[in-house]
Amino acid sequence: MVPLFDPKPQHEQVAAEVHAETRAVLDSGQFILGQHVRAFEEEVADYHGVSEAIGVASGTDALHLSLLAAGVGPGDEVITSPFSFIAGVEAILYCGATPVFVDIRRDSMNLDESLLEEAVTERTRAIMPVHLFGLAQDMDRIMAVAEKHGLKVIEDCAQAFGARFDDRPVGSFGHSGCFSFFPTKNLGGYGDGGLVTTDDPEMAERIRVLRSHGSAVRYHHDVVGFNSRLDEVQAAALRVKLRHLEDFNQSRREIAARYQEGLSGLPIRLPEAGDRHYQVYGQYTVQVEGRDRVRKRLGQAGIGTAIYYPIPLHRQAVCGDRYQSLSLPVCESVAESCFSLPMFPGMTLDQADEVIAAVKESLS
Ligand SMILES: *Cc1c(COP(=O)(O)O)cnc(C)c1O
């Protein structure tokens, strides 16, 4: 039996520190926008080598508030990946803007950088690349297109805290980087939470105002804002976990290396990261012919798997018939052949070997 995800090993590693820090918050009576949120914001900004970080209530809000702060509004188009979690599309739609999907690459499963430029129109306002499964996009190519056309770049880093491209962390390339602390993410909290990184002080200030009811000065409200704050208990726990992040990501990478070794040469496509990438395996996602049969056999062997994502975003009911005539063949094919294997910090090599044996068996 190997679960798809198990939060216990990483919790055990940090439990004593998290108990002490969160208990101190409970005893302090200071729960909203206090010293831990401020310190966590500084620590995350330092980690990314950017000037600002702003804690918010979720990764979805990080995307939404970033788009608003970047000036995205009704009539604008935002280019993004059709192969991702729904949150990015929701954030674009909340702004009254239109998601424009370009196809993905089969190797990285990220949006195909070579298709970006032809998707730009005079209405394009921003690009929202997604560093899916902990693998960075080629940010050189994305930033080059953005600069040429004067577009904002909002990076969706929800699955990639600590991932690097050319040794530089994701979330430090674009106009903002959006992170989620949902418990299964690379930096997972004990509930919901999110954060925006940016090097642009004006953008940071706008997001600070938006997250707190449109108010820079208490009880003076200049714009329609939101209640979207990271709380002190989460921030205190996340500060502890940030100190262990490289360990957690290293553990994911060791499991991925074991899978790579044990599964190569089989009729199954493994994730590929080029030399310029430090991948942190938010998920370990493979592609295989006859996916549903393979998954069923793995389930019978007690191996937890999941499909991220079975339905491309342009085929989701929430998008209506807006994309009826849009065909994105690589994305549609990957959605039919992909599934994810167990992956979490503290997973043992014995567990990885059990998964490898079961995958071999299910392919035979
Ligand atoms: C998890 C996730 C989000 C949303 O984060 P929440 O904190 O759950 O709102 C956004 N984008 C991607 C790619 C995600 O995986």
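The legends below describe close-up views of a predicted model.

Local features require pLDDT of at least 70 and side-chain atom pairs pLDDT 80 or more, whereas totals for chains, interfaces and linings use all residues. Residues are numbered from 1 along each chain as its sequence is written, and side-chain values use heavy atoms, with hydrogens and water left out.

**View 1. The shell around the ligand.** The ligand is surrounded by 14 residues, of which Gly59, Thr60, Asp156, Ser180 and Lys185 come nearest (a residue is near if one of its heavy atoms lies within 4 Å). By class, this shell holds 5 nonpolar, 7 polar and 2 charged residues (Asp, Glu, Lys and Arg count as charged; Ala, Val, Leu, Ile, Met, Phe, Trp, Tyr, Cys and Pro as nonpolar; the others, Gly among them, as polar). Helix α3 (residues 59–69) gives the most to the shell, with 3 residues (helices are DSSP runs of H or I, at least four residues; strands are runs of E, at least two, both numbered from the N terminus).

**View 2. Side-chain atoms facing the ligand.** A polar side-chain atom of Thr60 lies 2.5 Å from a ligand oxygen atom. For Gln159, a polar side-chain atom is 2.8 Å from an oxygen atom of the ligand. An N or O atom in the side chain of Asp156 lies 2.8 Å from a nitrogen atom of the ligand.

**View 3. An open sheet of 3 strands.** The strand order is β7-β6-β12, with antiparallel pairing (two strands pair if DSSP finds at least two bridges between them). Strands β7 (168–169) and β12 (277–278) form the edges, each pairing on one side only. Strand β6 (residues 164–165) pairs with β12 over 2 bridges, and Phe165 stands opposite His277 in β12.

How values were computed
A polar contact is a pair of N or O atoms within 3.5 Å; within protein, one must be able to donate a hydrogen and the other to accept it, and residues adjacent in sequence count only if both atoms are side-chain atoms.
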